[in-house]
Each structure stands twice: as structure tokens, then as C-alpha cells.
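Here's a quick tour of some backbone oddities and one well-covered helix. Have the chain open while you read.

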Amino acid sequence: MVSAREKKNGTPASSEDAYRGMWQWDKTFWATHCVDCYPGNCPYRVYVKDGKVLMEEQAGTFPVIQEGVPDLNPMGCQKGAAWSRMLNSPERVLHPLKRAGKRGSGKWKQVSWDEVTTEIADHILDALVEVGPESVIKEGTPGEGGLLSSFPFSRLLDMFGGIGTDVNAVINDFSTGIYMTYGKFDPASSIDDLFHAEFVMYTHINPVYTQIAGYHYTTEARYKGAEVVLVAPDCSPSHLHADYYVPIKPGTDAALGLAMAQVIIAEGLHDAQFVKEQTDLGLLVRLDTRRFLAASDLQDGGRTDQFYFFDTRSGQVREAPLTTLDLGDMDPALEGSYPAELKDGSRVDVVPVFELLKERLEEYTPEKASAMCGVSPDVVRMLARKIATKRGTIFSGGTSFKYYHGDLMVRSYLLVLGLTGNWGKKGTGPGEWSVAGFDGPFIFFGKQKEGLEETRRILAMREAAMSIMRNQDPTRTEEMAHIEFMRAMAGQQGMVPPVFLWYYHCGYRDNWNRREWNDPTMQREFDEYFDEAMNKGWWRGLNRPGPETPPRVYFEVGGNVLRRTRGGQNQLLPHFWPKLKCIVTVDWRMNTTGMFSDYFLPVAHHYEKIAFMFPTPHLMNLTFSDKAVEPPPDVRTEVEIALMLAEKLEERAKARGITEVRDGRGGVRRLDDIVDRYTIGGAFREGEKIAREWVQDSVEAGNFEEGFSLDVLREKGYQRFKSWGIGAMAHSQASDVPTNETHTAFRWHVEKKVPYPTLTRRAQFYIDHEWYREAGEELPCHKDNPAQGGDYPFVMTSGHNRWSIHSMNIVNRVLLETHRGRPHVLLNTDDAERLGIRDEEEVEITNDMGTFISPVKLSPSVRPGQVVSYNGWEPYQYRTWKGASDLETGMVKWLHFVGDYGHLRYWPLQWQPVPFDRGIRVNVSKID
């Protein structure tokens, strides 16, 4: 290397000069990696030299938010530090491709953008004419490229009535247990709020692997005296940093949680006032029907959602307030049996839910529960006493709600939190994720012209709709009104729960009807429940595409359906793929889904386009990723590709004389003005201008202070928002946006006594729907995980690996050098010795779904009878191009089709059936 000084003076450069020359750059840019990771939104600085990315590094520029609480810095992980290596990686696709052989054959033809967009447009038009708009589907994904990657294609399909699948079910990040309890699944305190905790219980989570950027708050909380517990079947690396490791049988956490609850109540450790005020445990239940005592039982015309306490002060049955959690002069009974006179003059005995709970918990003494879950009775009592006397939190990790009975597991842990008063206070509560603080993209979706005048029109229309929702029932809170608005709009929009696509078109109906893969307490066949839900209209307007609408065109934008979907290739290739005439992958790299697609459209990578990561309450910031370098010549951004498809669709529609189509709801969609509508009169053709409008509109909506702009964001890299915004998920935090303290979810409920958006207006542990009573799940209980996959001796579990965000980093050469560099499964050493299996040799993992072959790592930290297969590996990394996801059955729980019960009704990203992928039964064998 020749230094600048050597060139100028002709003198030899020192080694120091040569070294310094390696680290000189021309420009720096702000960036983040717009991927669905936890907590995400890590700000990076990108260094550019000679038009190429030289390196990136963590920014470390966050201020202290609350005095005495460590700041968020440095935020980042090894994936982010090696991200730029993927800009020129072998898996990157640099030209539009068209399949030139059988799907999956690897034979491709390089084509022009004009050719590829013309053919895709014609496929779309064929589908619109032959079947209808709802045969064109975009899979819901987090948009692994930021909001400007997924939104353009969603907007394009909306122009002609196509549909998209709900991302929260697609990726199964929806916690049914949290939703059933609170009427929302997304209590998400900021990650620094954990610093206030005195007791942290991680269940089925490996935070050292999966929370790298925020895990320091766990260790910092320990420094000031907090105790950390890890509950998991396998002894993961996170156990090294815990005070207690509690091994547990896979899928049996409900037994542990209920045993803790039993101890808390038996020893009088529960917070009675919190229980009476915040939960439904004080509400009265009729012993004759096991239904809540409602006003409709007591008087003609009475509300079906007005419930009752027995007030010990007045000695009377009294109404539980609908508009507040404040009990006023009442002191609800938690125990005892009382008479109630019905409207026909008859009398029935009623008891508080708490009384029924005590009866249920008799089945879960520590000794009885120990036989179910394998946790020592002494450990159960220790955990119960600790959380009852400390400011505590229970993180039910993503694995928890991905078990068949994950709802019961999570409900049981939430019961422990409810009994001990551990939510709505600093350092407490369950952990989940949410999005909030950036309303611009959602406002933009409804715009018909650019500018603030149009923004104000949309905000006014929305407020008028909210007024209608409030007037329909004046007892509704603002949160409830927003949720009802979202429910009312759900059937009119393009996003639908994917469960109906899976049932009607992907072959899962056969899986879900296999009695041996289902819970044995299911009283009827699966289809009987499904048919009842459909016939009663519980999912009316949402059960799309129906059996009469075969799918024809499928877009995968930034996702990887053949890797991620439960059942993967074994399920989708024989059942779904043959129905599709056109499969389009839009991505920067060749992945498994891309290999089996008809067209591959290459997109600009991070650092080659502007992007926003979706902001979350975990960080309270909008984070920006700027364009630092130009993409390769034949690569385009998602904004550009969607616009090219819109232009070509309109051009081809005119050429073919197809001026309009009717969507699935009978509405007319014109095709000869798509470009004008898509670009809002030609105003928005570039990502830069769309981004400016989003930021401007977010300021108008109140997310940010006046004067904030894209230019300010470009200078600073991130901005803390000042309000959650106008969306229903924003209201779900039920807490003010703090300026100089950590964010704690649910403070409005606990401090301001604002009701919850549940049927009972309280945190609800008793679900008195007939299906739940029939299944014995009206209260949390333990049930063994069914034999999904068949009667095999091993249980396969999984979780996120350390080396990749999903699969996008998994073949990064830098990261491959940090481990063995190939997929693996983990197996207990004693199991391996019994089967004659050696470390690093390949083994065959089999069940009724199929087989995959993988190298094996042997470890005594894995539970006997357990196989751990971290997800994220691309199937093409295995010898047979099949991985663990191909053996997952994709089962859903029949109870999650309930749709007529209080809060158990769909709204986007919320209540819906989701597939399970933990606790799959397999066999492991040595390959001869």
C-alpha cells in the first residue's frame, strides 16, 4: 500500500501510515438494520470510501433517559457489525431472473426488467380475469428491509383488490395467552425498564443469544441485587448468567405456573386489593351454568357484559363498574358462595372466580405439579415466595407460546403476576413486542393527494369514526373504541388471517383433522368446530381466499415462506405450489423460496437505499437507515419495483382491454388508472419523497415535535417519539410516553384505573365460552403436549440461533467462521451413546411429515429425549435440502377459532389461530 505522504514526497511510508490508510473514509451515514429482531433499531454509523462501504460500527450516541438507569448504548450485535460483508456475498442476486427449468432445479435465465415486469403483469391480469383479485396474494412478512420494502407491494395489491396475509400469524409471534388475558397481546415496556426489576424469570428463552443488544440490562439489574431465574428444558448458555436454572419438561410450564399460584394463595401471599381491582377473579360465576352472572340474567334488556361482585361491605350483589377499575366503596368478596335472584324469580348460587380458581389449584400443589413438569416442590415454593415479595417480571419467551398449549402456559404465568400485583409498575409485567410512534405510513395508505391538508382530512375522518365508536357504547375507553374501529375495518381491508389460505389451499386441513396430533380433550372432530365457526359467521369477511378462489399469483417480499412456514417444503410444495401460476420472490439474496420461484426480482440492500425500521416501545425511537452507496446497476429498490409493476400492469391492462375488475366484496377496481392512484397523482415515485411525507405526517399526527423532519433525522439518525400515535396498538401500551424515565406498560390500568379491552373490562383469567368450558380450559390448566408428528420418542424444540437474524445472515462468511460453519442439531450425550452416535456425524431425524439429515453436536446440557434444532438455517445448507421446519406439522388449536366472545374477535395482528412448532415428536437414528 502506498500512502498519500509517500506519493507526495517520494519517501517510504511507515507501517503506521499504511495502517491508518486502511481506516480512512470519505463519508459517513446513519444506518440501522431493518429486520425483525429484538429489540432492533440499533443505530450504526456506516463509513464509505471510494463509493464503497468500508465498515460499520455501533453508534453509541443514546443519552441517559432516567437518572440512575444505564443508557441504551452501545446497541448492536455481531450480525450488524458484519452486515456490509453481505453487499458483495455469493448469494446476492444482481439481475432479474426467470426460471428456465423445473421449479427448484436451479436453472435460471437472466432477463430485463421490462421483460420480467411484463410477464408478471400478464400473470396478474390472467388471475384477475380467470379467478378474481383475491387469487393474487402477498405473504405478510416483517419486510426484512424496512417499512419502505413491504408497504409498496401492499399498496400495489390494494389497487386491484389483492390480499395479504397477517404477518403475526405468518411468523407466529402472536401470544394467544397474553391476548386472552388482557384483550391485547402487546404490553411492551422499554428494555431499560428491566433495570428496576428485583426478580427476573426467563421462561423458554435464551436471552444471551436472542437479546444481545439489550441483555446488559439483565446483568445491570443483577449488579444492584435482582435475582435472575432461567426456566427451560435445556441448559442453554443463558444459564451461566442466572442465579437459578430450573430444568423443566418441554411444554409443561402451565403446571409450574399454577403450582406457584397455589403456593401464593395457600400462604396468603397474594395482593388481594390488586386482584379485586385489576382482575376478573372477584367477578361472580353461576354454579348452575358456570357462566358469569350478567345483567341479562337479572333483568330484561340487561347488558350481557355487565358483571357483578358480591360486596362484603353492603352484603349485596353489586355491579362491577364498566368505566373504571376503581372499586369506590365496594370490597368484592374473593371467597364464599352467595345467592342471586334471576329475572324469572328463581335463585342460583354464585361464587367469585377466585373460589373456582382455588378449587382448580388443588390439582397443582407443588408435589402434584412436580410429577407433571419435573420441577422440585421446594423450587416451586422458592420461586413463588420470591416473586410474591419482589418487584418481578416473567418473560415468557417466543418458544412459550409456540407450543400447542402455549396459551395455557402463558395464562398460568400471567396468573402469578396478577396474584402478586406485578404489572403496571416499574420493572414488572410480561414482555412482548409492539409497534408505535410512527403513524405516517398508515396515514399515507389512505391519501388521495399529497400534503398536510390531506393529512388533516384523514385525521378528521378517523376522529369522526372514533366518535361513532364511542357513541355506540359510551362506556368504551379510547382503547376499546380504537379496537372496535379496527375490527369494523378488518373485513373491508386486504389483510386477512392466513389460517384460511392454509386450510383451503395448503393441505393443512388434513393435518388439523388428524386426531392423534390433536389434544385428546378435543370432544369433536376439528372440522366440526371449524364448520361451526364458519356457519355462525364468526370470521365473516375474513375467511379469504375461500375454497372457490384458488390462488394464482404469490409474492414473497423479504420473506422466506418455504423455510419459515411450519411444514415447509413437505407441506407447501405438493399442496400449494401446483395451484400457483406465478411465484415472485423479491429479495437481495437467493434463498430457499427464491429457488422454487418463477421470477426473482433483486432489490437494493441495507446501505443502498433509505429505510425505516418499524419503531417499537422497547426503544421509543424512530431509527433511520440512509442510502450510503449506490446499488449494483441492475438492482432496484422495492419502491422502484412496485412502481414498475404498477406501470406495466396498467399498460398491459389497456393493451388487453381489461379496464376493471370486481374485488371479493363486489367493489369495482379500475386498472386503467392504477399508476395515478398508486403514485397519488404522480406525486410519489421515489422513496425519498415518500419518506419525507411519512415523517411530515407523523409530526402532524403528534408523534414528534414541530420542526422535526427527514433532514433532522438524517442528521441525528434517530428520534425519540413524544406520543404513541393514533393506532390501536399504540393505545395498547396504556401508559403515557415518558420523557425522562423508562416506559412501563399498563400504568393507566394500575394508576388511573382505566379498564382493559376484555369482555369483563379486567385482566381475564376465566373464559366462560362454551368451547372453553367443554375443553376444561375456562381457567388455566396443564395439558400434555400432543404427539404432533407421530408417536416418536424424541421431542424437537427450537429457538433463534446466535449467528443470524432468521436466515438472512446464516451464510455470511464472517459469521460462519464463529461456529462450526454448518447446520446442526443438539443431542444429549447419553442418548447419543445409547444410539451409537458420535459428535459431528450426520443423523437422520424423522417423523410422519418426513426426514432431514443433519450433523449433530453432543452436549450433556440438552435434556434426555430432547432434540434442539435452532432455526435460521437455510434448507439448502442440509444434505437433502430439507430442515427442521419441514418436519413441523403446523397444527393450530381449535379453540382459537372462537370469534363471537367479547375480546376473542379478530383485528389486525391480534386474535387469530396461529401454528405451533415446538415440542414436535421425532425419531433420531444413526445413518449406517
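Right after helix α22 comes Gly537, with a positive phi near 75°. Before going on, this is a predicted model, where local features need pLDDT of at least 70, side-chain atom pairs count only at pLDDT 80 or more, and totals for chains, interfaces and linings use all residues. Residues are numbered from 1 along each chain as its sequence is written, and side-chain values use heavy atoms, leaving out hydrogens and water.

Helices (H or I, at least four residues) and strands (E, at least two) are DSSP runs, numbered from the N terminus. Helix α22 spans residues 526–535 and is mostly covered, with 7 of its 10 residues buried (under 20% relative accessible area with a 1.4 Å probe, protein chains only; exposed is over 50%, partly exposed in between). Among the buried ones are Phe526, Tyr529, Phe530 and Met534. The buried residues of α22 pack against α20 (499–505), α21 (508–512) and α32 (770–775), contact being heavy atoms within 4.5 Å.

Two residues other than glycine also have positive phi:

| Residue | Phi | Loop | Relative accessible area |
|---|---|---|---|
| Asp50 | near 55° | between β2 and β3 | 64%, exposed |
| Tyr607 | about 80° | between β21 (599–602) and β22 (611–613) | 0%, buried |

Now for the cis peptide bonds. One runs from Tyr38 to Pro39, with omega near 0°, and Pro39 sits in the loop between β1 (27–31) and β2 (44–49). Another joins Asn73 and Pro74 at an omega of about 5°; Pro74 is in the loop between β3 (52–58) and α3 (78–81).
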